[in-house]
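Here are my notes on the cysteines, the loop and the surface of this model. Please look at the coordinates alongside the points.

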Amino acid sequence: MRLSELLKDIKYECIKGKDDREVSCVVYDSRKLCKDCVFVCIKGANFDGHSPL
């Protein structure tokens with residue numbers, strides 16, 4: 001699936017890269033990043049994915 005298809009109903013701004021690329025999976029745990037995946041920030045019980053490390 002293309003990233004642009006996943007984001008079609010979401011208001012967003014592409015800061016870096018291109019939004020018309022193939023996506024293999026979506027993850028919210030940065031330890032599970034893999035090739036061609038999309039990382040989505042969420043606020044969890046212990047960490048906020050939006051916070052800089």
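1. A disulfide is counted here when two cysteine sulfur atoms lie within 2.5 Å of each other. The model is predicted, and a search through the whole structure returns 0 disulfides. Cys25 takes part in none, the nearest cysteine sulfur being that of Cys34 at 3.3 Å.

2. Why is Cys37 not bonded to Cys34? The closest cysteine sulfur to that of Cys37 belongs to Cys34 and is 4.0 Å away, which is too far for a bond, because a disulfide needs the two sulfur atoms within 2.5 Å.

3. The accessibility of these cysteines should be read with its cut-offs. Cys25 has a relative accessibility of 25% and is classed as partly exposed. Cys37, at 18%, counts as buried, because the limit for that class is under 20%.

4. The loop between β1 (25-27) and β2 (37-39) holds Tyr28, and Asp29 is found in that loop too. Is Tyr28 buried or exposed? Tyr28 is exposed, with 60% relative accessible area. Asp29 is buried at 17% relative accessibility.

5. Asp29 also has a side-chain partner: a polar contact of 2.8 Å links its side chain to the side chain of Arg31.

6. Which residues make the nonpolar surface patch? Met1, Leu6, Val26, Tyr28, Val40 and Ile42 form it, with an area of about 570 Å². Tyr28 therefore appears twice in these notes, as an exposed residue and as a member of this patch.

Definitions and conventions
Residues are numbered from 1 along each chain as its sequence is written. This is a predicted model: local features need pLDDT of at least 70, side-chain atom pairs count only at pLDDT 80 or more; totals for chains, interfaces and linings use all residues. Side-chain values use heavy atoms; hydrogens and water are left out. Patches are made of residues with over 30% relative accessible area and no salt bridge: like charges are joined within 9 Å, nonpolar side chains (Val, Leu, Ile, Met, Phe, Trp, Tyr) within 5 Å. Accessible areas come from the Shrake-Rupley method with a 1.4 Å probe; for residues, only the protein chains shown count as cover. A salt bridge is a side-chain nitrogen of Lys or Arg within 4 Å of a carboxyl oxygen of Asp or Glu. Helices (H or I, at least four residues) and strands (E, at least two) are DSSP runs, numbered from the N terminus. Buried means under 20% relative accessible area, exposed over 50%, partly exposed in between (1.4 Å probe, protein chains only). A polar contact is a pair of N or O atoms within 3.5 Å; within protein, one must be able to donate a hydrogen and the other to accept it, and residues adjacent in sequence count only if both atoms are side-chain atoms.
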